[in-house]
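Let's take a friendly walk through this structure together, one contact at a time. Keep the 3D view open and follow along as the residues come up.

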Amino acid sequence: MYCKFGDLGRAHYLFDKMFERNEVSCNTMMSGFVRVGLYRQAMVFFREMLDSSVRPTGFLIASLITACDRSACMVNEGIQVHGFVVKVGHLGDVFVGTSLLHFYGAYGAILDAQKLFEEMPEKNVVSWTSLMVSYSDNGDPKAVIDLYQHMRNDKISCNQNTFAIMIAACGSLEDELLGCQVLGHVVKSGLENDVSVANSLISMFGSLGNLEDACYIFDHMGERDTISWNSIISANVRNAFCRESLQHFDRMRRCHNQLNATTLSSLLTACSSVDNLKWGRGIHSITVRLGLDSNVCVNNSLLGMYSEAGSIEDAEFVFQEMPERDSISWNSMIASYVQHGRSLAALEIFTEMLKMGKMVNYVTFTSALAACSNPEFLRERKIVHALVILMGLHEKLIVGNALVSMYAKSGMMVEAKRVFKILPRRDEVTWNALIGGYAESEELNDAVKAFQLMREEGIPANYITLANVLGACWTPDNLLAHGMPIHARIISTGFESNDYVRNSLIMMYAKCGDLHACNYIFEGLVDKNSASWNAIISANAHHDHGEEVLKLTVKMRRTGIDLDQFSFSQGLTAAAKLAVLEEGKQLHGLAVKLGFESDPFVTNAAMDMYGKCGEMDDVLRVLPQPFHRSRLSWNILISAFARHGLFHKAGETFHQMLKAGVKPDRVTLVSLLSACSHGGLVDEGLAYYASMTEEFGILAGVEHCVCIIDLLGRSGRLAEAETFINEMPVPPNHLVWRSLLSACKIHGNLELGQKAAQHLLELDPSDDSAYVLYSNVCATTGRWKDVEVIRRQMGSQNIKKQPACSWVKLKNEVSSFGMGEQTHPQTLEIYAKLGELKKMIKEAGYIPDTSYALHDTDEEQKEHDLWNHSERLALAFALINSPEGSIVRIFKNLRVCGDCHSFYKFVSGIINRRIILRDPYRFHHFSDGKCSCADYW
C-alpha cells in the first residue's frame with residue numbers, strides 16, 4: 001500500500017522489519033522505487049538483495065532495467081544488469097528481454113538492441129514492438145516497416161501499440177498508400193476503435209496533409225484522451241490552419257479540460273507569425289495561469305513563437321525568466337539572435353554556454369557559425385572553427401555545410417573552397433553554399449563552373465541552386481552568356497513553375513537591365529504570391545522607379561496579398577528617395593497596424609524615410625532603444641543628424657554607438673565625416689579620419705576622401721585639400737575633383753579650379769558639372785570672357801547644363817517650378833506674392849547679394865534674375881496654398897544659392913512660419929530668421 005501511494009520511507013521501514021521476505025515483497029519494493037523515480041536507490045536495493053543471497057525474479061530484474069532506462073544517465077549500470085541476466089540465465093524471460101530492448105533503444109544503441117533481439121530465444125508481440133519503438137525513436141521509419149512485415153510473415157498478431165508505431169512510421173515517410181494498407185489490417189484486427197490507434201491515424205493523416213480524414217477519425221471516436229485532442233490540434237497546426245487549431249483547443253477546454261505541455265506547445269507553434277502573435281500571447285497567459293510556465297518544453301515553444309513572429313524582446317524575456325533551460329533553449333536563443341541579425345548577442349550566449357559547461361552539440365555550432373558570417377568577426381570565425389575541430393564535429397555534414405556557408409557569406413571564398421574540398425561528403429546544401437558565395441562575391445565564372453561540377457558529380461540541382469546561379473548574373477553580357485542559357489535549362493527541367501526560381505529570374509533580368517522581361521515574367525504568373533510581388537517591386541526599385549514601387553505596393557494590397565517586412569521596407573525606401581512624406585507615413589502606419597512596428601527592416605526603412613522627408617522628431621520616435629539598435633540603425637541616425645544640420649548630435653551619437661559596443665563600418669564614417677564637413681568641424685573630421693584605420697581597422701575609400709576634401713575645401717584650406725588628393729590611398733575619381741572644384745567656386749580660386757576642371761574633363765569629357773562649376777568660378781572672379789568661352793564650348797559639344805528645379809507637394813499634387821517659370825496656372829498670384837515678400841523683407845533689412853547672379857549684366861538685371869530662382873517661386877506658391885501656420889516643405893534638385901538662403905531666412909522671420917528646404921545634400925530648417933546650418937553649407 002505504501003509503495004502504491006509513493007511513501008517509500010514507511011515501505012522500506014516495514015520491509016526491513018519483516019522476518020521473512022518473499023518474491024512478492026521484493027518485487028513490490030523494487031516497483032515502488034521505480035514508480036517514484038528513485039532509480040539509484042533501486043540499484044542499491046538490488047545490490048542489497050544479492051548480498052542477502054536473495055535470488056531476484058524476472059519481474060524484479062525487468063523493473064530494475066526500466067529504472068536504468070528511465071533515469072537517462074544509468075547506461076553503465078544497465079549494461080552490468082544485462083551481464084547479470086546472461087549469467088543467471090534470465091535472458092529467456094520474455095519480460096526481461098523486452099525491458100533490455102527498451103533500455104538499448106532509449107540510449108540510441110540500436111545495433112545492441114538488434115543483436116539482443118536476435119539472441120532472444122522467445123519473442124512476443126511486445127518484444128517486436130519494443131524494437132520497432134527503438135528504431136522509430138532513432139529516426140529510422142523504414143526499419144520499423146521492415147520489422148512489421150517480418151511480424152506478419154511470422155504470423156505474429158499485432159497489438160494496438162504495434163499498429164500505432166507502424167502508422168506513425170507511414171506518416172514519417174509520407175507513404176499514404178502503405179498507411180491505408182495498415183489501416184485495413186487495423187480494421188481486420190478489430191482495433192479501429194482503440195484510442196491509441198485512432199490517435200496515430202489522426203497524426204498520420206495530418207502529416208500527409210489529409211486533414212479531412214484526420215477530422216473524420218477524430219469526430220467518430222467513441223472515446224478521446226488528451227493525446228487525441230493534441231493529435232487533431234497538431235494536425236491542424238502542421239497544415240497551417242491556425243484558426244481551426246484554436247477552435248479545437250476551445251472545444252478541448254470545454255469538453256475535456258485536461259491540457260498538458262504538448263497541447264500548449266503545439267498551439268504556440270501555430271501562432272509563430274506576426275498575424276497570429278496576438279493569439280500566441282493569449283496562449284502564453286494560459287500557460288502562466290495553469291502553472292506550466294516553468295515547463296521547459298513550453299518555454300522552448302514560447303521562445304520559438306516569439307522569435308518566428310519577430311518579437312525578439314519577448315523571446316529574450318522568456319529566456320531570461322526560464323527556471324530551467326535545456327540545450328534546445330540555449331540553441332533556440334542563439335538561433336533567434338542570428339535570425340534577427342544580432343550576431344554579437346548570439347556569440348555572447350554561445351560563450352556563456354561554454355563558460356557554464358552546458359552541453360553544446362552540432363545544432364549549437366551550426367547557429368554559432370551562422371553568427372560568424374558577419375564579415376567583421378574574423379577572430380570569432382577562427383575560434384569557433386577551431387572549437388568545431390576540437391570537438392570532432394568538422395566531418396559532420398551539417399556542420400561542414402555551415403562552415404562553407406560562413407566563409408562564403410563573409411566573402412572569404414578561398415577558405416570556403418578549402419573547407420569544401422576536405423569534406424568527406426557533400427550534398428546539394430554544400431554545393432548551394434559554395435555557389436551562393438560565388439554569386440554574392442560576383443564571381444560568375446566560378447559560380448557557373450561549380451554548377452557544372454555539381455551536375456558532373458550527380459548531385460541534382462534544386463531551386464536554391466538555380467536561384468544562386470541566376471543571382472551571379474549582373475550585366476547584359478552575363479545575361480547573354482549565362483543567364484539566358486540557364487533560363488532555358490530551367491524551362492527544360494520544369495523549374496519554371498517554382499516560385500523561388502521565377503522570382504530569381506525576375507531579379508536577374510532586372511539586374512542585367514531588362515525590366516521589360518521582368519514585367520513579362522511577372523504578368524505571365526497565374527498565381528502571384530507575396531514573393532512574386534516583392535520580386536517585381538525589387539526589380540523596379542533596382543531601376544530607381546520609385547513611383548512604380550509605390551504603385552505596385554498599393555496594387556499588391558488591393559489584390560488581397562498581405563504586405564510583409566520586405567514589401568514595407570521597399571515601399572518606405574521608395575518614399576524616402578522621392579521624399580513623399582504622406583505616402584511614407586501611410587505605409588508606416590499600415591506596417592504598425594499589421595504588427596511590424598518592431599521588425600528591424602521596417603524600423604530602419606521608416607527611420608530613413610522620416611529622415612529624408614525632413615521629420616527628425618519622427619526619426620527619434622521610431623528609433624529603437626540603444627541596446628536593440630543594429631549598426632544600420634546607428635548609421636541612419638548619424639546620417640539623419642548630419643543631413644539636418646545637427647552636427648554635434650551626429651558626433652555624440654557616434655560615441656554612444658561605440659559605448660554600446662557596436663563597431664562602426666565604412667558607412668558610419670562617411671556619415672560622420674559628412675557631418676563634420678557640413679558643420680565646419682575641421683579638426684574633429686580630420687581626427688575621425690585618422691582614427692578610421694588605427695582604431696577601427698577601416699581602410700579609407702574614395703567616399704571618405706571626398707568628405708575630407710570637402711571638409712578642407714569648404715573651410716578655405718584649398719592647398720591642404722590639393723595635397724591630400726596627391727597623397728590619397730586610392731586613385732581620385734570624378735567626385736574628388738568635383739568636390740575640389742566646388743570649393744574653388746566658393747573661395748574664388750581660379751587657378752586650382754582650372755586644374756580640377758581639367759581632371760574632371762579627362763575622366764569624362766561630357767561632364768556638364770565640370771563646365772558649369774568652372775564657369776561659376778570664372779563668373780565669381782569676374783572673368784566674363786572666360787565664361788562666354790566655356791558656354792560656347794558647351795554649345796559646340798551639345799553639352800547642356802542641368803536646369804534648376806524646385807517643387808512642392810500639396811494635397812497629393814506636386815507642383816514644380818523652373819527658373820522664371822511662367823506656365824503655372826497661378827503664375828500671376830505667385831509673382832504678386834513674391835512682390836509682397838520682396839517689399840516686406842527689404843523693409844526688414846534684406847540686401848540682395850548679386851554675386852550669386854552669374855551673368856554679365858547690370859545690377860538691376862542681376863537682382864531681377866535672383867527673384868526668378870525656382871526656390872523662390874516654389875515658396876511663394878506654397879505660402880499661397882498652404883494653411884496659415886503649417887510647415888512649408890520645398891525641394892530643389894541643385895544646391896540652394898546664397899542669396900535665396902538669405903531670402904528664406906528673412907521670410908521665415910517675418911511670416912513666423914517654419915520652412916524646410918531640402919537640396920541634394922542636406923536639409924535647411926528655417927525658423928525665426930535663422931537656419932539650422934548656421935550659414936555654413
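Begin with Glu-720 and Arg-717, which form a salt bridge whose closest N and O atoms are 2.9 Å apart. Glu-720 has a relative accessibility of 37%, so this residue counts as partly exposed. Arg-717 is partly exposed too, with a relative accessible area of 28%. Keep in mind that you are looking at a predicted model. In general, side chains of opposite charge can pair when their charged atoms come close. This structure holds 24 salt bridges, and some of them reach across long stretches of sequence, as the next pair shows.

Find Lys-809 and Glu-583, whose side chains meet in a salt bridge at 2.5 Å, N to O. Lys-809 belongs to strand 1 and Glu-583 to helix 35 (residues 581-593), so the contact ties together parts that are 226 residues apart in sequence. Lys-809 is partly exposed at 24% relative accessibility, and Glu-583 is partly exposed at 25%.

Another such link joins Arg-889 to Glu-615, with 2.4 Å between the closest N and O atoms. Because Arg-889 lies in strand 3 and Glu-615 in the loop between helix 36 (600-612) and helix 37 (616-622), this pair ties together parts that are 274 residues apart in sequence. Arg-889 counts as partly exposed at 21% relative accessibility, whereas Glu-615 is buried, with a relative accessible area of 14%. Salt bridges can also form a network, as they do among Lys-838, Lys-842 and Glu-863.

Strands 1 and 3 have come up already, so let's see where they sit. They are part of an open sheet of 6 strands in the order 2-1-3-4-5-6, with mixed pairing. Strand 2 (813-818) and strand 6 (930-931) are the edge strands, each pairing on one side only. Strand 1 pairs with strand 2 in the antiparallel sense over 6 bridges, and Cys-805 stands opposite Gly-818 of strand 2. Strands 3 and 4, in contrast, run parallel and are joined by 4 bridges; here Phe-891 has Arg-918 in strand 4 as its bridge partner.

In a regular strand the side chains alternate between the two faces of the sheet. In strand 4 (residues 915-918) both faces are covered: Ile-915 and Leu-917 are buried on one side, and Ile-916 and Arg-918 are buried on the other.

Now for the aromatic rings, which make 21 pairs. In one of them, the ring centres of Phe-420 and Trp-431 are 4.7 Å apart and the planes stand at 75°, so the pair is edge-to-face. Phe-420 lies in helix 25 (residues 413-422) and Trp-431 in helix 26 (residues 428-440), so parts 11 residues apart in sequence are tied together. Both of these residues, Phe-420 and Trp-431, are buried. Back in the sheet, the rings of Trp-807 and Phe-891 have centres 6.0 Å apart and planes at 15°, so this pair is stacked. Phe-891 is buried at 7% relative accessible area, while Trp-807 counts as partly exposed at 25%.

Rings take part in other contacts as well. The charged end of Arg-426 sits over the ring of Phe-420, 4.5 Å from its centre, and Lys-396 lies over the face of Tyr-362, 4.8 Å from the ring centre. Tyr-362 also joins Val-363 and Ile-398 in a nonpolar surface patch, with about 220 Å² of accessible area together.

Methods
Residues are numbered from 1 along each chain as its sequence is written. This is a predicted model: local features need pLDDT of at least 70, side-chain atom pairs count only at pLDDT 80 or more; totals for chains, interfaces and linings use all residues. Side-chain values use heavy atoms; hydrogens and water are left out. Rings of Phe, Tyr and Trp (its six-membered ring) pair if their centres lie within 6.5 Å; planes under 30 degrees apart count as stacked, over 60 as edge-to-face and the rest as tilted. Helices (H or I, at least four residues) and strands (E, at least two) are DSSP runs, numbered from the N terminus. Buried means under 20% relative accessible area, exposed over 50%, partly exposed in between (1.4 Å probe, protein chains only). A charge sits over a ring if NZ of Lys or CZ of Arg is within 6 Å of the ring centre and within 35 degrees of the ring normal. Patches are made of residues with over 30% relative accessible area and no salt bridge: like charges are joined within 9 Å, nonpolar side chains (Val, Leu, Ile, Met, Phe, Trp, Tyr) within 5 Å. Accessible areas come from the Shrake-Rupley method with a 1.4 Å probe; for residues, only the protein chains shown count as cover. A salt bridge is a side-chain nitrogen of Lys or Arg within 4 Å of a carboxyl oxygen of Asp or Glu. Two strands pair if DSSP finds at least two bridges between them.
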